[in-house]
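Please open the model in your viewer and keep the sequence panel beside it, since this tour moves from one selection to the next. At each stop there is something to select, followed by a description of what is there.

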Amino acid sequence: MTIDVTREAPTDVIAGAYLRVSQDPSRGGRSIGGQWSDAQRVARGLGWSLEYRYEDTGSASIFGRRRGVERGDWTALLEDVRRGRIGGVILAELSRGTRDLGVYAELAEAASEKGVLIAAGGRVFDLRDSSDFMMAAIEIVFADGEARRISKRVQRGVRASVLEGRPPQGRTPFGYTRPPRPVGERVKQEPHPRHRHVWNATARYVLLGGSIANAARYWQRVAPVRDNGRPARWNASQVRKALLNPAVLGLRVYNGEVQGPGTWPPITTPDLYYRVYDLLTSPGRRAVESAEPTTLLSGTARCGTCGVGLYRRNDGGRAYYRCQAGHAMRQMEWLDGLASDLAVLCLAATIRDAVEGTLGDEERVADADLEAAHAAVEEARTALKELLEALPSMRLKPADAAAMVAGYRAAVESAEKHVGELASQQRRSHDVTTARLRRAVSAFGDVSAFVGASMTSTFEEVASELWDAADLRTRRKWCREVLLVETVKATRPKSLDGIRLEPRQGWEWLGDFQPWWRQSDWPTPA
């Protein structure tokens, strides 16, 4: 790089070089190493002392700023200019620093105020000089305009690709392959002869309770190479993303929303895909479950500030539940004890409800009622089938489509459950032993009053025995099903302040089974 100095530039300048490359796959821009070598030559030619190096990767245009691209070293450079730490800035060209007029204005204001010189594109700019200020601004205007023209061309191409349902640019979805294409022809996407079966087998494996981590190890064995020929490094997160990709249904997605059918065939059925989607996106599921859990509430307890799960952290020899942002921190042993107490009471209430359901008076089930229940099942199944057939033509986000499928499937399950209950009730109404037991209990009066008044302690004892005999995985699953645990930061890790610990079905469901901290004669612990 040659420097055209139109005026004498000072030599006693402490300078910093700003180096940047864009996140483009072609890496067509100048490399960081090349920019640094040029900056050193420029500094030597000007007699400047190059003591600071600023380096970023990302877009410098207004569109990058709108996308939330953060350039930490550019911010640090502006701060050093404002504080007068450097007297010169070296750039390969002005657009390497920014293509955004708003950002340029910040640099120009700070450089003008502190008298900082900018060496870029073969010349030195002193932005206190009106001519230099205008020349620099013109370069930024041209760079900004070029960025906007490129953006429009890209957007037109993307819109056309989306409307025509063509495969998007980038990595081929797992389960598909893109055959070589002659120059000038568009990309085609076809089902992979082996990987499509791997996707379906993995989906069924996960629905049966299989671990995604195990599935990732399986993929590493059967699909060690991606479609582009590069080695694959499968992990649980990548497998989960591949299972949730709507492209396997032959759908074109843009900005997270399904735009319509694609030009490639599906490799699975809507029913299988949405069942997997519903399972993997359910709030109570952890992506990877450890083989042997060591904590009761990790992932179940949530931070009341940011909503993320709390996990174990050790501090000073003690174990705590803590969110990653540090909003909540509670002593693990203490919170586990509170949750265990409430979980046992929820178990006792469940046993009570089961006993009441067994001993309560039952009406005979008419055959017509059972036939109507069977008809409701068939109607719900037909509605689900019609929805699954219509989904590919509906432009829905995957989450919305999965919610619809889950709702229809829940209706089927509810109808099937109702049939089972009616059939079971019809069988029990003829059972001699149950009938005798109902008549015997009726001597005590109302069944629910008998259970509540005379058997409360018995239910708690049975629940405590079951809880003590259960392993940690079973306890964790029960806590996820019945408890709502949220906490925020408190001055004391054992304080009840800021803790939301309650049954998901509400306190009224527990009835007489209330924890000690809800009883008025118990003081709040220190």
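## A bridge between two strands

Begin by selecting R500 and E486, whose side chains meet in a salt bridge with an N to O distance of 4.0 Å. This pair links distant parts of the chain, for R500 lies in strand 15 (residues 499-503) and E486 in strand 14 (residues 483-487), 14 residues apart. Colour the two by accessibility and R500 comes out as partly exposed, with a relative accessible area of 38%, while E486 is partly exposed at 26%. Please keep in mind, here and at every later stop, that this is a predicted model.

## The whole chain

Now zoom out and show the chain as a cartoon, in which the secondary structure comes to 18 helices and 15 strands. Of the 526 residues in the chain, buried residues make up 41%. If you switch to a surface display, the chain exposes about 29,000 Å², and carbon and sulfur atoms supply 51% of that area. Among contacts between residues at least 6 apart in sequence, 65% join residues at least 24 apart.

## Other salt bridges

The structure holds 12 salt bridges, and the next selections visit some of them. Side chains of opposite charge can pair when their charged atoms come close.

Select R275 and D271, where the side chains meet in a salt bridge at 3.6 Å, N to O. Why are these two separated by about one helical turn? They are 4 residues apart in helix 10 (residues 270-280), and therefore about one helical turn lies between R275 and D271. R275 counts as partly exposed at 34% relative accessibility, and D271 is also partly exposed, with a relative accessible area of 24%.

Move next to R85 and D80, which form a salt bridge between their side chains at 3.0 Å, N to O. Is D80 buried or exposed? D80 has a relative accessible area of 7%, so it is buried, whereas R85 counts as partly exposed at 43% relative accessibility. While you are in this part of the sequence, add E79, R82 and R83 to the selection, as these residues are linked in a network of salt bridges.

## A nonpolar patch on the surface

Select M134, M135, I138 and F142 and show them on the surface, where they form a nonpolar patch with about 400 Å² of accessible area together. M134 has its place in helix 6 (residues 130-164), and M134 is partly exposed, with a relative accessible area of 48%.

## A buried serine

Go on to S340, which is found in helix 11 (residues 332-359). With a relative accessible area of 17%, S340 is buried, because buried means under 20%. Which residues does S340 contact, leaving aside its neighbours within four places in sequence? Show L296 and W467 as sticks, for S340 is in contact with both of them.

## The second largest pocket

For the last stop, turn to the second largest pocket, which has a volume of about 860 Å³. It is lined by 30 residues, of which R171, T172, P173, F174 and R226 are the closest to its centre, so far as selecting goes a convenient group to centre the view on. Finally, colour helix 9 (236-243) and strand 8 (251-254), the elements that give two or more residues to the lining of this pocket.

How values were computed. Residues numbered from 1 in each chain as written. Predicted model: local features only at pLDDT ≥ 70, side-chain atom pairs only at ≥ 80, totals over all residues. Heavy atoms only, no water. Patch = residues over 30% accessible without salt bridge, like charges linked within 9 Å, V, L, I, M, F, W, Y side chains within 5 Å. Areas by Shrake-Rupley, 256 points an atom, 1.4 Å probe, with all protein chains shown as cover. Buried < 20%, exposed > 50% of the residue type's maximum accessible area, 1.4 Å probe, protein only. Contact = heavy atoms within 4.5 Å. 1 Å grid on protein atoms, 1.4 Å probe; cavity = no way out; pocket = protein on both sides within 12 Å on 5 of 7 lines; lining within 4 Å. Points joined across faces, edges and corners; volume = space filled by probe spheres on them.
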